[in-house]
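Here are a few exercises to work through with the structure open beside you. Try each task before reading its solution.

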Amino acid sequence: MKIYLKIWRQKSPKDKGRFEMYPLDGVSPEMSFLEMLDYLNKTLIKEGKEPVVFESDCREGICGTCGLYINGRPHGNLRKTTTCELYMREFADGETITVEPWRAGAFPVVKDLVVDRHAFEKIMQAGGFITVNAGAAPDANTIPIPRDSFDKAFEAATCIGCGACVAACKNASAMLFVAAKVSHLALLPQGKPEAARRAKAMVAKMDELGFGSCTNTGACEAECPKGISIANIARLNREFLKANLKE
Amino acid sequence: MNKLFASSIGRKLLVALSGMFLILFLVVHLSINLLLIFDDSGALFNKGAHFMATNPMVGVMEPLLAVGFVVHIMYATIVTIRNYRARPNGYLKNLPSANSSWESRNMFVLGGIILFFLILHLNHFFVKMKFTGDPLLTTVIIDGVAMKNSYLLVSSLFKENFWYSIGYMIWAVFLGFHLVHGFWSAFQTVGLNNEVWIQRLQNVSIIYATIIAAGFCIIPLYFIIFF
C-alpha cells in the first residue's frame with residue numbers, strides 16, 4: 001500500500017518546527033506503525049535525508065516508551081493500544097496520516113517526535129515510592145492483602161507512564177498518571193504509612209511542573225493503552241483532601 | 001488550608017463545592033417557579049414568592065448564594081486559564097470527540113452563556129422585585145396578607161415577549177448540558193466516587209439535568225401555548 005505521512009519535524013527544542021509530507025510506497029499492512037517508520041527512515045537515509053526521530057523500546061506494549069499522536073489521537077484510533085501495537089492494516093491505501101509528538105508545556109519537544117517526559121520521573125521522585133528495609137528480601141505473603149485491594153492496586157500499577165493521558169487531555173493534565181501511582185501504593189498496606197505525604201508531594205510536584213488540572217472529561221481513560229479508570233482520580237482527590245485535613 | 005486552596009485540586013474543590021450548592025439552589029428555584037403553571041390566578045406563585053422574600057432562613061441563604069456564584073465563577077475562570085496555559089502548542093489534527101463528550105470539554109463556554117442569561121434574568125426579575133420595583137409589581141392581598149404581585153411581572157414577560165421565552169428555553173437547555181457534566185463531576189472532584197458509583201452518578205446527572213432543563217422549559221412553553 002501507499003500512504004502519505006504528514007510528520008512533525010523539529011531539529012531541536014529551540015527550533016520552530018514544521019510539518020513535512022512524505023509519500024511512502026510499498027508499505028505492508030502487516031507492518032506495525034513503528035516498523036513502517038523504520039522503513040520510512042531507511043528510505044530517507046538512502047536518499048541522503050535526515051531520518052525521523054522517534055522513541056521506542058520493547059515494541060510489545062509494556063514499556064511506555066513509544067507514543068505518537070496519530071491522526072488526532074494518542075497511540076492512534078484503537079482503544080487500549082500502544083503505538084507499537086498499532087498495525088498498518090488499520091489504515092487505508094492512499095491515506096494521509098498525520099503524526100505529531102505529545103503536546104504539553106510539561107513535555108517539551110526534544111527532536112521531531114520525541115518529547116522530554118522527565119516531568120513524570122520528577123513526580124515519581126517526589127513521592128511515588130515506599131520506604132523499605134534494604135536488607136534481605138522479606139518473605140512473600142507476610143502481610144495479608146485483601147483480594148479487592150490487590151486487584152485495584154494491580155489495575156493502577158499497570159500504568160506504563162507513556163503520557164497518553166496528558167497528550168489526550170484538553171488541559172494537558174497528568175492527573176490520571178498521578179492517580180494511578182498514588183492509588184497503586186495507597187491501596188496496599190505497604191503504601192499506607194506514607195500515603196498522606198505521598199499524595200501531597202506528588203500533587204505539589206505535578207502543579208509545579210505546569211500540568212493542567214483535571215476537568216473530568218474522561219479523555220485520559222478512553223485513550224489510556226492500559227484502560228486505567230478515572231475512578232483512580234476520585235481516589236487521588238480523596239487521598240489528597242484527607243492528607244490536607246490531617247494537618 | 002491556604003496551601004490546599006493554592007493547589008490544583010483545592011481550586012477545583014471550591015468549584016465543585018460551590019457547584020453542589022448551586023445544584024441544590026436550582027431545585028428550590030425550579031420548585032417555586034413551577035407554581036406559576038399550577039394556578040393561573042397567580043395566588044400560589046405569589047405566596048411562594050412572598051415566602052421566599054420574607055422567610056429569615058432565605059434571607060441568610062441569599063448572600064451565601066451570591067458568594068456561591070462568585071466562588072464558582074471565579075475559581076472556574078482561574079482553573080480554565082491555567083489549564084489553557086498548560087498546552088502552549090496545540091495539535092494540527094485533533095479528534096477529541098473520539099474520547100470525550102462535547103459538554104465536558106466546553107464547561108467554561110456553557111458557563112459563560114449561562115452567566116449572560118443570568119445577568120439578563122436578574123435584571124428582569126430579581127432587581128425589580130428586590131430593589132427598583134416595577135409598575136406591574138402591584139400589591140395584592142391573598143388570604144389577608146399584603147404582598148407584591150410577582151406573578152403579574154413574571155407571567156406578563158412570558159406572555160408578551162415571545163423571543164424572551166424562546167431565549168429562556170435555549171438558556172435552560174444550555175444549563176442542562178452544563179449540569180450533565182457538572183453534577184457527577186462535582187462528586188468526582190470531592191472524592192465521592194469509585195468504580196461502581198461512577199456510572200450511577202453519571203446516570204443521576206442525566207436525570208437531574210433533564211428535570212432541571214425540562215422544568216425551566218415548561219414554564220415559558222405553558223404561557224406561549226395557553227395565553
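A residue counts as buried here if 20 or more other C-beta atoms lie within 10 Å of its own. Keep in mind that this is a predicted model.

**Exercise 1. Work out what share of chain B is buried, and describe its overall build.**

Solution. Start with burial: with that cut-off, 30% of the 227 residues of chain B come out as buried. Next, take stock of the secondary structure, which amounts to nine helices and two strands in chain B. Walk along chain B from the N terminus and you meet the elements in the order α-α-α-α-α-α-β-β-α-α-α. For the dimensions, the C-alpha atoms of chain B fill a box of roughly 60 × 40 × 35 Å along the principal axes. Finally, look at sequence separation: among contacts in chain B with a separation of 6 or more, 73% join residues 24 or more positions apart.

**Exercise 2. Find which elements of chain B give two or more residues to the side that touches chain A.**

Solution. First, count both sides: 35 residues of chain B are in contact with 37 residues of chain A. Then sort the chain B side by element, and you get helix H2 (8–34), helix H4 (56–85), helix H5 (102–105) and helix H8 (162–189) of chain B. H2(B) gives the largest share, four residues. Last, sort that side of chain B by class: 14 residues are nonpolar, 15 polar and six charged.

**Exercise 3. Describe how the two domains of chain A meet.**

Solution. Begin with the bounds: the domain assignment puts 3–110 of chain A in domain 1 and 117–245 in domain 2. Their C-alpha centres lie 29 Å apart. Now go to the contact, where domain 1 of chain A supplies 18 residues and domain 2 of chain A supplies 18 residues. On the domain 1 side, eight of these are nonpolar, seven polar and three charged.

**Exercise 4. Decide how helices H5 and H8 of chain A are oriented: parallel or perpendicular?**

Solution. Locate H5(A) at residues 175–186 and H8(A) at residues 231–245; their axes come within 8 Å and cross at roughly 70°. Angles of 65 to 115 degrees count as roughly perpendicular, so H5(A) is roughly perpendicular to H8(A). Next, pick out who touches whom: H5(A) contributes residues including A:Met175, A:Leu176, A:Val178 and A:Val182, while among those from H8(A) are A:Ile233, A:Arg235, A:Leu236 and A:Glu239. To finish, tally the classes in this contact of H5(A) with H8(A): nine nonpolar, two polar and two charged residues.

Terms used
Residues are numbered from 1 along each chain as its sequence is written. Chains are lettered from A and ligands numbered from 1 in the order in which they are written. This is a predicted model: local features need pLDDT of at least 70, side-chain atom pairs count only at pLDDT 80 or more; totals for chains, interfaces and linings use all residues. Axes are lines fitted to C-alpha atoms, for helices over the stretch in contact, and angles run from 0 to 180 degrees between N-to-C directions. Angles under 35 degrees count as roughly parallel, over 145 as roughly antiparallel, 65 to 115 as roughly perpendicular and the rest as oblique. Two residues are in contact if their C-beta atoms, placed from the backbone, lie within 7 Å. Ala, Val, Leu, Ile, Met, Phe, Trp, Tyr, Cys and Pro count as nonpolar, Asp, Glu, Lys and Arg as charged, and the others, Gly among them, as polar. A residue is buried if 20 or more other C-beta atoms lie within 10 Å of its own, exposed if 12 or fewer, and partly exposed in between; C-beta atoms are placed from the backbone. Domain bounds come from an automatic or database domain assignment.
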